[in-house]
Amino acid sequence: MRYISMLIFCFLMSVNVFAQGTDTVHKDSSKQFRLVDAPSIGKYAEPLFVVDGKIYKRSIKRLNPKNILEVSVLKGAEAEILYGSGGGNGVVIITTKRYATFQYQKKLSAFSKAYVDYLDKHKGDDSEVAFIVDGEQLTGYSDRITKLFKLSIEKIKSAEFSTKSIDIRDKTPALIITTKQ
């Protein structure tokens, strides 16, 4: 008797499984599910975003990609050491062109009063200034910002600003920077 009831139970289960399988086959397959990143248990999967040295709590989609100078990522222990438990899922560090420009202008202003005066007169816009570091003119807007931003103040020997052109045919003012070798 036990054998027969077990056989009936198995038969009913297999019919039930078959019925469910056929039901799922006819469901709408136009909807798709895509798993992008599964969160760790007890933690958020989203990394910490740091924009221009400050933790960014707004939506990262609000940043205009054209205004971003560079992006770096910290992972693991390094991220947690620098940013505590908030860095447990990694840290995305974003530097904007505006921030980098302000930082290098502040740094170079310590060496040249004429450069400060130029910035005041042009409302902080030095896009028309030729920057020459150790005899080599920096070209390309983003490349120039990056190099000047990363130039440490300890490495700068002098910075001389001239409103006189470096080329007779050109009326571009120049900031001539000499570094310590």
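## Helix α3 and two positive-phi residues

On helix α3, the face pointing away from the buried side carries the exposed residues Arg 98 and Lys 106. This is a predicted model, where local features need pLDDT of at least 70, side-chain atom pairs count only at pLDDT 80 or more, and totals for chains, interfaces and linings use all residues. Residues are numbered from 1 along each chain as its sequence is written, and side-chain values use heavy atoms, with hydrogens and water left out.

A quick word on terms: buried means under 20% relative accessible area, exposed over 50%, and partly exposed in between (1.4 Å probe, protein chains only). Helices (H or I, at least four residues) and strands (E, at least two) are DSSP runs, numbered from the N terminus.

Back to α3: its buried residues are Lys 97, Ala 100, Thr 101, Tyr 104, Gln 105, Lys 107 and Leu 108. They cover an arc of only 160° around the axis, so they sit on the same side of α3; the arc is that of the directions from the helix axis to the C-beta atoms. In an α-helix, residues three or four places apart point the same way, because there are 3.6 residues a turn.

What about the length of α3? Its 13 residues (97-109) should span 18 Å at 1.5 Å a residue, and the end C-alpha atoms are indeed 18 Å apart. The expected span is 1.5 Å times one less than the number of residues.

Now for two loop residues, neither of them glycine, with positive phi:

| Residue | Phi | Loop | Relative accessible area |
|---|---|---|---|
| Lys 123 | near 55° | between α4 (113-121) and β5 (130-133) | 78%, exposed |
| Asp 134 | near 50° | between β5 and β6 (136-137) | 39%, partly exposed |
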